[in-house]
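Biologist: Please show me the model, and then let us go through a few points of its backbone and core.

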Amino acid sequence: MFAMEWEYLTGRAVAREYHGGHNNSVPEWPPHPERVFQALVAAWGTLGEPETHSKALFWLETQDPPFIYAPDIPDDQIPFAPDTYVPVNDVPEMVCNKRQDRTFPSVLLPEISGKKATCALIWPEAVLDENLFEVFVQLCFAVTHIGHSRSLVRLKVALEPQSPNWMPSTSIEADAFFRVPLKGRFETLRSSFSKGEHPPVARYQAYVRTPSTSDLRFSGEFDDHLIIFRKITGDSMLLGSTLAFTGALRGSILSKIEEGSLELVSGHGGDGASTEKTHIAYVPLPFVGDKHADGHILGFALVLPKHVSYTEKNSVWKAIVSALDPETETLRLVAGNSGTCLLVPEERLEPPLGLRKKTWCARARRWGSATPFVLDRMPPRRHSDFDGWSARQIADACERQGLPIPEEISISEVSSLRGVPHAREFPPLLRKDGLKRWHTHVEITFPVPIEGPLLLGAGRFRGYGLFKPVFSKREVE
């Protein structure tokens, strides 16, 4: 085994997610292995580019992607990165008193047992000889920062690193994608530097979480592996058309599913009666919660329940492939008067935020409704406290999914997320007897962070009751 461990000397890691340009206020966490490799290459240059150290870096880039340990930091505890105005470079024939706005997103690391938290990269199968070990000791000692120059670190070769909580994925399952150095990366970085150019982006590697047994986490009845489709063309889709389009998506998959997985897809048993088991939910993925949000639907997701077998999951994927047009690999949804649209599976590494799993499956205490919560039961006639009646049903819905009892529940006809339409703009969900179910917007604050996806209420399988984490960094000032 070979491992490197580091601590941030100021207790803060400054680095932005790669996408989004200079004003992207989202910090990168956990640190990507490529950042550490670049820091080692910079240290190699500082030491005078010794040949022995070059060989060590060539050796490192041929190893399998490393396991990662990084402290878990709830997304709602990552601070908003304010704009900072910095002088711009001189421009010929112009006096530059201008200042350009920049952001420096960062993560404040917790102290564990009174000590600064550490991070580590671990190569379980790597074997070092004594000479290579000494070279890496020297390289680590020469590293001053990882990421932004404000991220001062103390890096060392670790003999007993922390147990990793992220591991490379060897299947289609992925909780995140991190940039990693692969064979040839050292030469690419060296060549780009000599030409005064920015290096090309490193390759991305899929990773899955491996939480420790002592890491107590709360999540609902749905798995966080979303099957996401993005819209490529078609009629304008706003959240008010959710039921029409999720119904069309459900019908498309249902028409191709194998009989053995019919209950998982439809929510009904062989006798036609509603199943008591959690089944697939069909949800819209809208552009909401941003200061520019307008509530249009970017795509859709199939949200699978937890503990679905490999056979059932494979059956769903086969149905999806069968539903796609064989020539264009697109899925056409026809939603009556609501219009039509063409979808494709989302496979891009850097899609818009609304089409990213992390947007809906993050860990947070506060959650706002992107689509209304639908009540299971109607209140008695002339009930004087509609909000109290609704709040009790919301608390019950959370408890049934094994979530903590909410600390605070706010009921309103207007969502706390910008871009979400008024509750009256959503068509009602009908009961079996034809009566309309009541729905309302909700904001829920839990006593501890919970993990998404969060789908609650009687409409959760059809796109209603979809919640999005509410973070201070995303709130409108």
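Biologist: Where does Pro30 lie, and what is the omega of the peptide bond from Trp29 to Pro30?

Modeller: This is a predicted model, in which local features need pLDDT of at least 70, side-chain atom pairs count only at pLDDT 80 or more, and totals for chains, interfaces and linings use all residues. Residues are numbered from 1 along each chain as its sequence is written, and side-chain values use heavy atoms, with hydrogens and water left out. Pro30 sits in the loop between strand S2 (12-14) and H1 (strands, E, of at least two residues and helices, H or I, of at least four are DSSP runs, numbered from the N terminus). The bond from Trp29 to Pro30 is cis, its omega being near 0°.

Biologist: Which loop holds Pro453, and what is omega for the bond from Gly452 to Pro453?

Modeller: Pro453 is in the loop between strand S22 (439-451) and strand S23 (454-455). Most peptide bonds are trans. The one from Gly452 to Pro453 is cis, with omega near 10°.

Biologist: Is His307 buried or exposed?

Modeller: His307 is in the loop between S16 and helix H7 (310-323). Its phi is positive, about 65°, although His307 is not a glycine. Because its relative accessibility is 79%, His307 falls in the class (buried under 20% relative accessible area, exposed over 50%, partly exposed in between; 1.4 Å probe, protein chains only) called exposed.

Biologist: What phi does Glu329 have?

Modeller: Glu329 belongs to the loop between H7 and strand S17 (331-334). With 55% relative accessibility, Glu329 counts as exposed. Glu329 is not glycine, yet its phi is positive, near 55°.
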